[in-house]
Amino acid sequence: MTQQNISLISSFYSNDWEIERKEKFHLFAEIDEQNFYLCAISNDKKVPVCFEQYALSQHQNFNQPENILSLYQQINWLKDAVIDDFTVMIQNTPFQILPNELNWLTNNGGWQCTDLQTAIEGKIVYEFAGLMNAALQNFSSQIKFKHPLSGLLNQVSTMLKPLSDAVLCNVHQNAFDMVLWKNGKTQLINSYQMTTPEDAVYFLQLAMQQYELNPNKNQLFVSGEVIQQSLFFTTVSKFFRNIEFANRATMLQQGVFKNILPHRFLTLTGIIA
């Protein structure tokens, strides 16, 4: 793997980036198969000062530890930055929701992680390959892992206040996350593989039917890697009448995120908050 296989797709930096990057940072990453999103938060001001998106060439993915190492070697500013801690989320990581009183006892050689959640009666438990953990340790030895759905639940906790019944559909590469809440309480949270927009329509309709929500009345929020002119949004709009883009509950007008569409990166900013 050569560094030419990884491209910097988009970047946002604060006006004082050259000065701030020599201070201490909290570093956050969200990773899917083709993309690596990296965000730096100033230690003192607690404001996002850097956001970068890196993408791999076709037929490569960031589930391969050598690609993560190659990316690390490519980012020059990391070499003179002081990282307090590094929080990582990996999309499409399988998970289970277990009651809080149960312990996670099995480990198949992966990295064991548990996120406690107050929005549901349980904890999200998951694991991923130890080789990825080793590769990510190059960024910082002070590393911790969070499941992307934990960030999404944090965003939903704010959305719950004005709406007692609604659904959130968070789109990312070849998959989407769904959070459904009714009577002010989260009832369902899951991730689904998706090859066409109709796949999302099917699972959304099934969930709303199961929990007696009305596709013509109850709110459907859409977030993530989608725009209004996309095939996904056009297709879903045919089946759900009360549909709109979600807004990040936090970081909406803070730091570099003020330059990014407000329905993107709900999982990432949910963890940063």
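This text walks through a predicted model, from its sheet to its cores, rings and cysteines.

Start with the sheet. It is open and has 5 strands, in the order E12-E11-E10-E13-E14, and the pairing is mixed. Strand E12 (185-193) and strand E14 (243-245) stand at the edges. Each has a single partner strand, so one side of each is left without a neighbour in the sheet. On average, neighbouring strands of this sheet are turned by 20° against each other, direction ignored. Strands of a sheet pair through backbone hydrogen bonds, either parallel or antiparallel.

Now follow strand E11, residues 175-182. On one side, 8 bridges join E11 to E12, and the two run antiparallel. Two facing positions help to fix the register. Val179 stands opposite Ile189 in E12, and Phe176 stands opposite Tyr192 in E12. The connection is a hairpin with 2 residues between E11 and E12. Asn183 sits in that turn, with a positive phi of about 55°.

E11 also pairs with strand E10 (166-172). Here 7 bridges join the strands, and E10 and E11 run antiparallel. Ala166 stands opposite Trp181 in E11. E10 and E11 form a hairpin too, with 2 residues between them. In its turn, Asn174 has a positive phi of about 60°.

How many residues of E11 are buried? The count is 8 of the 8, so E11 is largely enclosed by the rest of the structure. In a regular strand the side chains alternate between the two faces of the sheet. E11 can be read that way, residue by residue. Ala175, Asp177, Val179 and Trp181 point one way. Phe176, Met178, Leu180 and Lys182 point the other way. All of these are buried, Asp177 and Lys182 included.

Which helices lie across these strands? Helix H4 lies across E10, E11, E12 and strand E13 (219-224). H4 runs at about 35° to E11. Helix H5, residues 197-210, lies across E10, E11, E12 and E13 as well. The angle between H5 and E11 is about 20°.

Next come the nonpolar cores. The largest has 50 residues. Phe36, Trp77, Leu136 and Leu168 have the most contacts inside this core. Helix H4 (residues 148-159) gives the largest share of it, 5 residues. Apart from this core lies another, of 24 residues. Among its members are Cys169, Leu180, Ala200 and Ile243.

Phe36 deserves a closer look. Leaving out residues up to four places away in sequence, Phe36 touches Ala29, Glu30, Ile31, Glu52, Gln53, Tyr54, Phe62, Leu71, Leu136 and Phe139. One of these, Leu136, is also listed with Phe36 among the core residues with the most contacts.

Turn to the aromatic rings. A pair of aromatic rings is described by the distance of the centres and the angle of the planes. The structure holds 18 aromatic pairs. Trp17 and Phe25 have ring centres 5.6 Å apart and planes at 20°, so this pair is stacked. The cut-off for stacking is an angle under 30 degrees. Both partners are buried: Trp17 has 6% relative accessibility, and Phe25 has a relative accessible area of 0%.

Trp181 and Phe221 form another stacked pair, at 6.4 Å centre to centre and 10° between the planes. Trp181 lies in strand E11 and Phe221 in strand E13, so the pair ties together parts that are 40 residues apart in sequence. Trp181 is buried, with a relative accessible area of 0%. Phe221 counts as buried at 10% relative accessibility. Elsewhere, ring pairs link Phe12, Tyr37, Phe51, Phe257 and Phe265 into a cluster.

Last, the cysteines. How many disulfides does a search of the whole structure find? The result is 0. Cys39 is in no disulfide, and its nearest cysteine sulfur, that of Cys50, is 7.2 Å away. A disulfide would need the two sulfur atoms within 2.5 Å. Cys39 counts as buried, at 0% relative accessibility. Cys113 is buried too, with a relative accessible area of 6%.

Key: Residues numbered from 1 in each chain as written. Predicted model: local features only at pLDDT ≥ 70, side-chain atom pairs only at ≥ 80, totals over all residues. Heavy atoms only, no water. Core = buried A, V, L, I, M, F, W, Y, C linked by side-chain atoms within 4.5 Å. Buried < 20%, exposed > 50% of the residue type's maximum accessible area, 1.4 Å probe, protein only. Helix = DSSP H or I, 4+ residues; strand = E, 2+ residues; numbered from the N terminus. Contact = heavy atoms within 4.5 Å. Pairing = 2+ DSSP bridges. Axes fitted to C-alpha atoms, helices over the stretch in contact; angles between N-to-C directions. Phe/Tyr/Trp six-rings, centres within 6.5 Å; stacked < 30°, edge-to-face > 60°.
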